[in-house]
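Please open the structure in your viewer and keep the sequence panel visible beside it. The tour below proceeds by selections, each followed by an account of what is found there.

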Amino acid sequence: MAMSEGGALAVGAGYGGSEITFTVVMSCLTAASSGLILGYDIGITGGLMQMESFLQAFFPEILRKMSNAQQDAYCIFQSQVLNAFVSSFYLACMLASLVAGHVTRTMGRKNSMLIGGLLFLAGALLNFAAINISMLIIGRILLGVAVGFTRLSAPLYLAEISPARWRGAFTSTFHLFLNVGFFMADVVNYGTNTIPRWGWRLSLGIGIVPAAVIIVGSALIPDTPNSLVLRGKADEARASLRRIRGPAADVDAELKDIIQAAEEDKRYASGALQRLGRREYRPHLVMAVALTVFFELTGVTVVSLFTPLLFNTVGFTSQKAILGSIITDVVSLASIAAAALAVDRYGRRSLFFMGGVVMVVSMVAMAWIFGEQLGTTSGMPRGYAAAVVVLVCVYTVGFGVSWGPLSWVVTSEIFPLEVRSSALGLSGAIGGLLSFAQSQSFVEMLCRFKYGTFAYYAGWVVVMTVFVAVFLPETKGVRIESMGAVWAQHWYWKRFVKPVPAPAKQSDGPA
């Protein structure tokens, strides 16, 4: 690794000297900050569901359950209205994802992120001013539409602008910022939880901060060369490419590949989603659906949105439950940072395997503790409650080095340009639908199946780990324009895709 003109760090050959430039770093960090709004919303919502001032204002019946010594501990938070408050966000996210792919393609990646930031700002202000549950739900619908745009456009932006050798690390920063949003939300909730009557307003209102970060950042960063070429702006794409790749890079060669991919895209511009159904795109369709479904079935809903609720269920006070969430946030950030360092050295598949084993073990252990120690009328003994916190942290490590960041990394890099936006839009819609279903059903599952809920998710993690071992090819170091050869060389998928030349690989990373 050596310094080049302009302070860029040369990191490999690629297109004649691919570099990590200042523009790449700042643009990727700015785009990755779009993860803040998703993480902040999930974190704030989880804390609000057991915050006394919020429950007094909107869900007094849950407060009455919490004070009832005879109440089944698994069923305290069972409420259809509470489910509607939580799940409306994910339903809106799903519907927005259906149109976000088209908007991202026609208006550009950065403009799609800008739209998301503006919508999140509007939703945060409406929630801050809410005087009834209807205003809260309308505000959450706006937040969900915002995330529907940013969670598609930001990973796509990161994958297209990053040097191939470091694409995994840069793309995983989206999930890192998502967890920074978790941490920020839990810290805010920890401070506002003790404020009577209006503490919940402050928690919701501070959502304007991550929204402002995205709005300002999206207005300043360049759009990706891929997006500019798709919109017929080849000269701007060349200038953008020169700026982000550095003076030593052969931008003409890379631009030629991008233009070739864009020409292929334009042949099928009116039917990209329908094209996914063709035989040669069968691997991409399967991965668009399977990786998204499996991500939602990791049990992450249990340990992100409902972490404070879980800790409250096992006997922690409201304030200690939020403190427990902050601890898991710190663990998550550390594990994601480790994944970012390892993903381009050891590859995607090995991290999926390691994380899967850790998640299964921790989920099975939690199922045993909940089954043996949590009664129906009170919390569990202190030692076992502490063990639940430790196991949630262990699960968080497993998820943080595997499905957490890698689901964003892999889905943003494996699709050809001609179906990329549509495939990611389909993934987003499926993810939103499943998140909606889980946010509607988890509290019911916890009430009805009790500790069996954790065994259910553990079983799915086993299934998805086997799926990765059999069907997911390794994409470490492969240029995004050359990804087709990965499928053509896979033992199973090669029967569907057209043969293409072997992809040029960058070196495996620093020794």
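The stops that follow begin with the whole chain and then turn to particular helices, residue pairs and single residues.

**The whole chain**

Begin with everything displayed, and bear in mind that this is a predicted model. Shown as a cartoon, the protein presents 24 helices and three strands. Of its 511 residues, 59% are buried. Switching to a surface display brings up an accessible surface of about 18600 Å², and carbon and sulfur atoms account for 67% of that area. Among the contacts between residues at least 6 apart in sequence, 79% link residues at least 24 apart.

**Helix 19 against helix 21**

Next, select residues 348-373, which form helix 19, together with residues 403-413, which form helix 21. At what angle do the axes of these two helices cross? The crossing is at roughly 145°, and the axes come within 10 Å of each other. The handedness of this crossing is left-handed. To see how the contact is built, show side chains for Arg 348, Leu 351, Phe 352 and Met 359 on helix 19, and for Trp 403, Leu 406, Val 409, Val 410 and Glu 413 on helix 21. Sorted by character, the residues of this contact comprise seven nonpolar and two charged, with no polar ones.

Keep helix 21 selected and colour it by burial. How many of its 11 residues are buried? The count is 11 of the 11, so helix 21 is largely enclosed by the rest of the structure. Among these buried residues are Trp 403, Gly 404, Pro 405, Ser 407, Trp 408, Thr 411 and Ser 412.

**The pair Arg 348 and Glu 413**

Now reduce the selection to Arg 348 and Glu 413, whose side chains form a salt bridge with an N to O distance of 3.0 Å. Arg 348 belongs to helix 19 and Glu 413 to helix 21, so this pair ties together parts that lie 65 residues apart in sequence. Are Arg 348 and Glu 413 buried or exposed? Both residues are buried. Add Arg 167 and Asp 344 to the view: these two, with Arg 348 and Glu 413, are joined into one network by salt bridges that share partners.

**Two further salt bridges**

Side chains of opposite charge can pair when their charged atoms come close. The structure holds nine salt bridges, and two others are worth selecting in turn.

- Select Asp 223 and Arg 231, which form a salt bridge with their closest N and O atoms 2.5 Å apart. Asp 223 has a relative accessibility of 6% and counts as buried, whereas Arg 231, at 22%, counts as partly exposed.
- Select Arg 278 and Glu 280, another salt bridge, in which the closest N and O atoms are 2.5 Å apart. Arg 278 is partly exposed at 32% relative accessibility, while Glu 280 is buried with a relative accessible area of 17%.

**Ala 342**

Move to Ala 342, which lies in helix 18, residues 318-346. Its relative accessibility is 13%, so Ala 342 counts as buried, the cut-off being under 20%. Setting aside residues up to four places away in sequence, Ala 342 touches Gly 347 and Leu 351. Select Val 401 as well: although 59 residues separate Ala 342 and Val 401 along the chain, their C-alpha atoms are 8.8 Å apart.

**Phe 415**

Continue to Phe 415, in the loop between helix 21 and helix 22 (417-449). Phe 415 is buried, with a relative accessible area of 1%. Which residues does Phe 415 contact, leaving aside its neighbours within four places in sequence? They are His 284, Ala 288, Arg 420, Ala 423 and Leu 424. Glu 481 may be added too: Phe 415 and Glu 481 are 66 residues apart in sequence, and 9.4 Å separates their C-alpha atoms.

**Ala 455**

The final stop is Ala 455, within helix 23, residues 452-471. Ala 455 is partly exposed, having a relative accessible area of 43%. Select Met 363 alongside Ala 455 and draw a distance between the C-alpha atoms: the separation is 6.5 Å, for residues 92 apart along the chain.

Notes. Residues numbered from 1 in each chain as written. Predicted model: local features only at pLDDT ≥ 70, side-chain atom pairs only at ≥ 80, totals over all residues. Heavy atoms only, no water. Axes fitted to C-alpha atoms, helices over the stretch in contact; angles between N-to-C directions. Helix = DSSP H or I, 4+ residues; strand = E, 2+ residues; numbered from the N terminus. Left-handed = near helix turned anticlockwise from the far one by under 90°. Contact = heavy atoms within 4.5 Å. Nonpolar A, V, L, I, M, F, W, Y, C, P; charged D, E, K, R; others polar. Buried < 20%, exposed > 50% of the residue type's maximum accessible area, 1.4 Å probe, protein only. Areas by Shrake-Rupley, 256 points an atom, 1.4 Å probe, with all protein chains shown as cover. Salt bridge = Lys/Arg side-chain N within 4 Å of Asp/Glu carboxyl O.
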